Amino acid sequence: MSGAARKSTGFRTQQDETLGGKQKGSVDIYIVKRLFAYIRPFKGLIAGAVALTAGGAMLGPLRPWLTKIAIDEHISRGDHQGLAVISLIMLVVVILDGLKQYQATWLTGLIGQKAVFNLRMDIFRHLQRLPIRYFDRNPVGRLITRTTNDVEALDEMLSSGLITIVGDILQLVFIVVMMFLIDWRLTFIVLSVLPLMVWATISFKNRVRQAFLDVRTHLARLNSFFQEHITGMKIVQLFGREESEFRRHAEINADHRDANIRTVFYFSIYYPLIEFLSSLTAGLVVWYSATRVLKADLTVGVVVSFVQYIWLFFRPLQHLSDRFNILQTAVTSSDRIFRLLEEPVDPEPPESAGKGITVFKDRIVFNDVSFAYDGDNWVLRDISFEIRAGHTVAIVGATGSGKTTLINILSRFYPVRKGSVTIDGTELADIPGHALRRLIGVVMQDVVLFAGTVRENLCFGDPSIPDERIREAARTVGADRFIDKLPGGYDYRIRENGSGLSVGQKQLIAFVRALLYNPDILVLDEATSSVDTETESLIEEATDRLMKHRTSIIIAHRLSTIQHADMIIVLHKGTIRETGTHQELLARRGLYHKLYLLQHPERSRMENS
Ligand SMILES: Nc1ncnc2c1ncn2[C@@H]1O[C@H](COP(=O)(O)OP(=O)(O)OP(=O)(O)O)[C@@H](O)[C@H]1O
Ligand SMILES: [Mg+2]
């Protein structure tokens, strides 16, 4: 697709899975703001979690200090009673610490789940509103990654990242304060290792961040690949492409693995390094203390408490870098989620415009309509025609001539690029969405069925339709015969995509669905796939019944179905070649005549003889 085309349709092709060229800093602030909107409703919970975490942060640093007292003031003096008291206090501190951890984990988890629930709702609502052309450009697998992995990354941040960071930082501050209070010189020794630690952490963070970005990108690709190949497994097997597709999968899978291995590699270096630095510091402290203890300048309790503090001190530091990763991943994920949420939806026309249209009374007018899906690849050119209320209009033409496209425009799945379409004098664009959907019912070329019972699929437009009406509609269309034979009848569970039903059966279900929806204007995009003769006559009959007493537009591949149409439009490469009734068009001996003879070879022989 050309750059100009991208501009004209206003869509990004989201090929860039990473933060790309955006300025990092501004992105982060923006994302934090948007994220904040999702956690704001849980202010109370957050305040509680923060209070607990902050209050609980000093519990940990108390323990080494209590140890010091126990050693210096009780053990060394053989004071059993005092030791018992201190032990009791320590027990209380440990229990409180545990309680705090339980409460904080629970609260942050709760906040995360609630916020993520709302986020998912917003994503789905937005996906439902997005214009169909957005889905042309974005593979399903990628969108699925948005709603699963990316949302999970956010969940992880909310549940275990954000608030815990506050706790970790506070704990660090408390530890340093306590250490200073006990012995400032030893504290300096501990802190002297800090620059090394910070350097290790920062360089680790930078490397692992890039690796995580790669992991995400490859994961999205892997998901897309899986999605495509699971849906298309039949084709893969039919064409014997198992081996080559397996190799393609191996490549994508290997990229994903390698990116992951890189993160594992950085972690496997980082943690031991931190452990080493902690031990080194502990060693330094003990070594330096030894002479002072001998000179009775320092007590054993202080040394023991410092060794404990060192472990306590380095743990939150490690956590911090962990949390940082969670944050980093979440920021990339949020960036992508919010980009999706910002994808523009088509503006809904002002309520005043086209308000009157609740029933279709007069005519649909296509006036010089031209259309291209992208750029200047015009698929339809200067299309003008009129459909009167109550008439049946048929559209015929070779494959790819633009028949479905015409319907896509009338259903407003895509906006008109040039010219205008009006229904009863109102511009298509000015008709409110719900009114338009009530007016026009479409039976699409490829029938879409959802996992659920036959009944649920039949009354998809309105689940409150009573059973009798469903059965009656099924009878009208002639679908009752096969539905009754299904195990469970109307309660038969259709599998995803209607696999397990024949093409004809799916078509019939779509017909009943349209009949129940009862639109003023019925559009029927006939399936191209051939069905057996029995089903064909069944579908033909059903089509007749469906179109009776209403305005219908039918895209017909079998010309036999449309001989009684009030007008037939013959499309050729995106332009109207001929219009007229069946008889008129045959008499013209033009394109329609040719198409007709192709389908009715016996007539061709008759005419030649
Ligand atoms: N979503 C799309 N994005 C870009 N081009 C498209 C899209 N859908 C269809 N086209 C192109 O528009 C042209 C007309 O397609 P259309 O689906 O309208 O044909 P059709 O007349 O319905 O054919 P058929 O009889 O096979 O159903 C084709 O050249 C096709 O490649
Ligand atoms: Mg089509």
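1. Let's start with the pairing of β1 and β4. Strand β4 covers residues 418-423, and β1 and β4 pair in the antiparallel sense over five bridges. Two pairs help you find the register: Asn-367 has Ser-420 in β4 as its bridge partner, and Ile-364 stands opposite Ile-423 in β4. Keep in mind as you look that this is a predicted model.

2. On its other side, β1 has β2. Strand β1 takes in residues 363-372 and strand β2 residues 378-388; seven bridges join the two, and they run antiparallel. One pair to look up is Val-369, which stands opposite Ile-383 in β2. The two strands make a hairpin with five residues between them, and Gly-375 in that turn has a positive phi of about 60°.

3. There is a second hairpin here, from β4 and β5. Two bridges join these strands, which run antiparallel, and Thr-422 finds its bridge partner in Glu-427 of β5. This turn leaves two residues between the strands, with a positive phi of about 50° at Asp-424.

4. Put those pieces together and you get an open sheet of four strands, ordered β2-β1-β4-β5 with antiparallel pairing. At the edges stand β2 and β5 (426-427), each with a single partner strand, so one side of each is left without a neighbour in the sheet.

5. Now the other sheet. Six strands make up this open sheet, in the order β6-β9-β10-β3-β11-β12, and the pairing is mixed. Its edge strands, each pairing on one side only, are β6 (440-443) and β12 (575-580). From one strand to the next the twist averages 15°.

6. At the β6 end, the partner is strand β9 (residues 521-525), and β6 and β9 pair in the parallel sense over four bridges. Ile-440 stands opposite Ile-521 in β9. Across β6 and β9 lies helix α18 (residues 503-517), running at about 175° to β6. Helix α19 (residues 533-547) also packs on the sheet, where it touches β3 (392-397), β9 and β10 (551-555); the direction of α19 makes about 160° with that of β9.

7. Which residues are closest to ligand 1? Look for Tyr-373, Thr-399, Lys-403, Thr-404 and Thr-405, out of 13 residues that surround ligand 1. Helix α13 (residues 403-410) supplies the largest share of this shell, three residues. By class, the shell has two nonpolar, nine polar and two charged residues.

8. Turning to the helices α4 and α5: how do their axes cross? Helix α4 (residues 59-75) and helix α5 (residues 80-129) have axes that come within 10 Å and cross at roughly 170°. That angle makes α4 roughly antiparallel to α5. Residues of α4 in this contact include Leu-59, Leu-62, Leu-66, Ile-69 and Ala-70, while those of α5 include Leu-83, Ile-86, Ile-89, Met-90, Val-93 and Leu-96. Counted by class, the contact of α4 with α5 has twelve nonpolar, three polar and four charged residues.

9. Last, the overall layout. The domain assignment of the protein gives domain 1 as 24-342 and domain 2 as 363-608. The C-alpha centres of domain 1 and domain 2 lie 56 Å apart.

Key
Residues are numbered from 1 along each chain as its sequence is written. Chains are lettered from A and ligands numbered from 1 in the order in which they are written. This is a predicted model: local features need pLDDT of at least 70, side-chain atom pairs count only at pLDDT 80 or more; totals for chains, interfaces and linings use all residues. Axes are lines fitted to C-alpha atoms, for helices over the stretch in contact, and angles run from 0 to 180 degrees between N-to-C directions. Angles under 35 degrees count as roughly parallel, over 145 as roughly antiparallel, 65 to 115 as roughly perpendicular and the rest as oblique. Two residues are in contact if their C-beta atoms, placed from the backbone, lie within 7 Å. Ala, Val, Leu, Ile, Met, Phe, Trp, Tyr, Cys and Pro count as nonpolar, Asp, Glu, Lys and Arg as charged, and the others, Gly among them, as polar. Two strands pair if DSSP finds at least two bridges between them. A residue is near a molecule or strand if its C-beta atom, placed from the backbone, lies within 6 Å of it. Domain bounds come from an automatic or database domain assignment.
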